[in-house]
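Biologist: Could you take one part of this model and walk me through it slowly, in words a first-year student can follow? I would like to hear about the sheet and what lies around it.

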Amino acid sequence: MEILKLSEISDACGGSFSEEAEVNGICIDTRKITDGCLFICIKGERFDAHQFANEALEKGAAAVMISEYIEVNGPFVKVEDTAKAMLELSGYYRSKFNIPVVGLTGSVGKTTTKEFTHLVVNAKYNAIKTLGNLNNEIGLPQMLFQIDNSVEAAVIEMGMNHFGEIHRLSSAAKPTVGLITNIGVSHIEYLGSREGILKAKLEILDGLADNAPLILNGDNDLLSTVKNDKHKIYFYGINCDADFKANNIEEINGSTVFTISYFGKETKITIPLIGIHNVYNALAAFAVGYFLDVDADTAAEALSKYQPEGMRQKSVVINGITSIEDCYNASPDSMKAALQTLKATKGNKKIAVLSDMMELGDYSQKAHFEVGEMAAQYNVDYLLCVGEASKYIVDGAKSKNLKNAFLFESKDALTDKLFEIAHSGDVIVFKASRAMHLEDVFTQIYKRWES
């Protein structure tokens with residue numbers, strides 16, 4: 001982060017300041033204080049960082065940002081709402097840099113698409129990307145503050161579950177390229193309908209630079225209908241008449257090979273992943289690269305270097321059994337993608353280990369039932385489930401005559417059954433919302449296989 005003065009910060013946030021000082025970073029956690037930073041006292045539902053203001057100063061913070069009248073032993077900025085002020089300040093700070101910023105959102109696939117996109121953009125520019133889950137109104141500002149004079153581009157992921165959030169995030173990030181991966185049913189509990197989700201995602205336009213390209217998945221039924229007078233819309237897809245279209249898709253030894261056709265040209269792509277959803281992710285990243293003048297061959301080489309992070313589609317082979325760990329998050333769309341990947345992976349038996357999806361509201365029962373139906377339609381040999389809502393996954397599978405569909409009362413019981421049925425040559429996919437901690441199952445089973 002480049003140096004900011006307290007007077008400058010105060011003006012940007014509509015606040016007041018006690019005395020002039022300079023800060024060289026932003027921090028919201030006293031365990032991560034750096035010399036010269038501004039410590040922002042965020043007030044949450046379960047904690048209030050104002051109680052740590054003086055501790056932050058003692059540890060080396062140059063100043064603190066507060067929203068309550070407290071005794072501060074050093075320079076401070078006073079604002080009405082520290083979280084809101086941090087977001088506003090990050091927008092002001094981002095405006096100081098004339099660099100390409102990719103803003104991306106979507107119901108599913110955001111993070112994988114972000115990783116693909118960063119690989120492509122970073123092949124030409126010194127680019128930063130959203131780290132971990134820093135894609136909300138507290139996390140996104142922290143990423144924007146990572147920009148300094150050495151940064152040439154940024155790939156910024158935007159998450160949301162309520163109306164207005166993408167508006168505020170996009171207004172701060174001010175993207176020069178916009179990207180929406182799809183419109184599914186994630187967060188439908190708060191947004192009411194898929195049409196509501198589309199409206200919320202299109203708030204990305206509120207911060208998108210005039211005449212900047214908006215890249216959309218043309219195979220998504222709702223995104224394919226989007227029109228806008230201020231921005232040129234470009235579509236990517238497989239089944240539609242897209243500006244960036246994937247053809248000749250083949251899955252070979254755990255990788256996917258395809259050709260991208262775009263504006264009369266073609267480029268061959270190889271990604272070290274399987275699953276048609278990953279073709280879409282790579283298509284989107286390639287399209288972003290095109291508008292940032294990344295050479296096609298350079299983009300293709302970058303995409304070939306992708307490596308899964310954490311529990312996102314990570315493939316592990318133990319005792320000849322292939323496990324696909326995909327437990328970072330779950331929605332009906334990503335469940336379908338996981339089952340498609342399981343079907344496409346070569347193996348003797350196909351085993352799906354599934355648990356609950358969150359934030360589906362009144363749609364939850366129907367959504368889980370439909371996942372079970374999909375499991376049967378994709379010819380899963382065994383379906384093992386745990387979780388309260390997963391009862392409906394099993395019900396859906398049995399309605400389509402999948403006999404080997406089981407609901408367990410505990411992860412331990414599920415693990416015992418998995419140990420019993422899984423043998424060398426089989427393929428297992430683990431898929432659930434993060435809150436279900438389904439990694440407990442594959443952590444246990446790996447230990448048993450290795451013992």
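**A close look at the sheet and its surroundings**

Modeller: Helix α10, residues 296–303, lies across strands β15 (255–262) and β16, and runs at about 15° to β16; please keep in mind throughout that this is a predicted model. The sheet itself is open and has nine strands, in the order β9-β10-β8-β11-β12-β13-β14-β15-β16, with mixed pairing. Its edge strands are β9 (127–129) and β16 (265–271), each of which pairs on one side only, and from one strand to the next the twist averages 20°. Further inside that order, strand β8 (residues 101–105) and strand β11 (residues 177–180) run parallel and are joined by four bridges, with T105 having I180 as its bridge partner in β11.

Turning from strands to helices, the axes of α3 (residues 82–94) and α6 (residues 165–173) come within 7 Å and cross at roughly 35°. In this contact L87, S90, G91 and R94 of α3 meet R168, L169, A172 and A173 of α6, and these residues divide into four nonpolar, two polar and two charged.

Nonpolar side chains tend to be buried together in soluble globular proteins. Here the largest nonpolar core has 83 residues, and those with the most contacts inside it are I9, L38, M65 and L383. Leaving aside neighbours within four places in sequence, M65 is in contact with residues including I9, L38, F39, V77 and L89. A second, separate core has 39 residues, among them V120, F244, A246 and A285.

Terms used
Residues are numbered from 1 along each chain as its sequence is written. This is a predicted model: local features need pLDDT of at least 70, side-chain atom pairs count only at pLDDT 80 or more; totals for chains, interfaces and linings use all residues. Side-chain values use heavy atoms; hydrogens and water are left out. Two strands pair if DSSP finds at least two bridges between them. Helices (H or I, at least four residues) and strands (E, at least two) are DSSP runs, numbered from the N terminus. Axes are lines fitted to C-alpha atoms, for helices over the stretch in contact, and angles run from 0 to 180 degrees between N-to-C directions. Contact means heavy atoms within 4.5 Å. Ala, Val, Leu, Ile, Met, Phe, Trp, Tyr, Cys and Pro count as nonpolar, Asp, Glu, Lys and Arg as charged, and the others, Gly among them, as polar. A nonpolar core is a set of buried Ala, Val, Leu, Ile, Met, Phe, Trp, Tyr and Cys residues joined through side-chain atoms within 4.5 Å. Buried means under 20% relative accessible area, exposed over 50%, partly exposed in between (1.4 Å probe, protein chains only).
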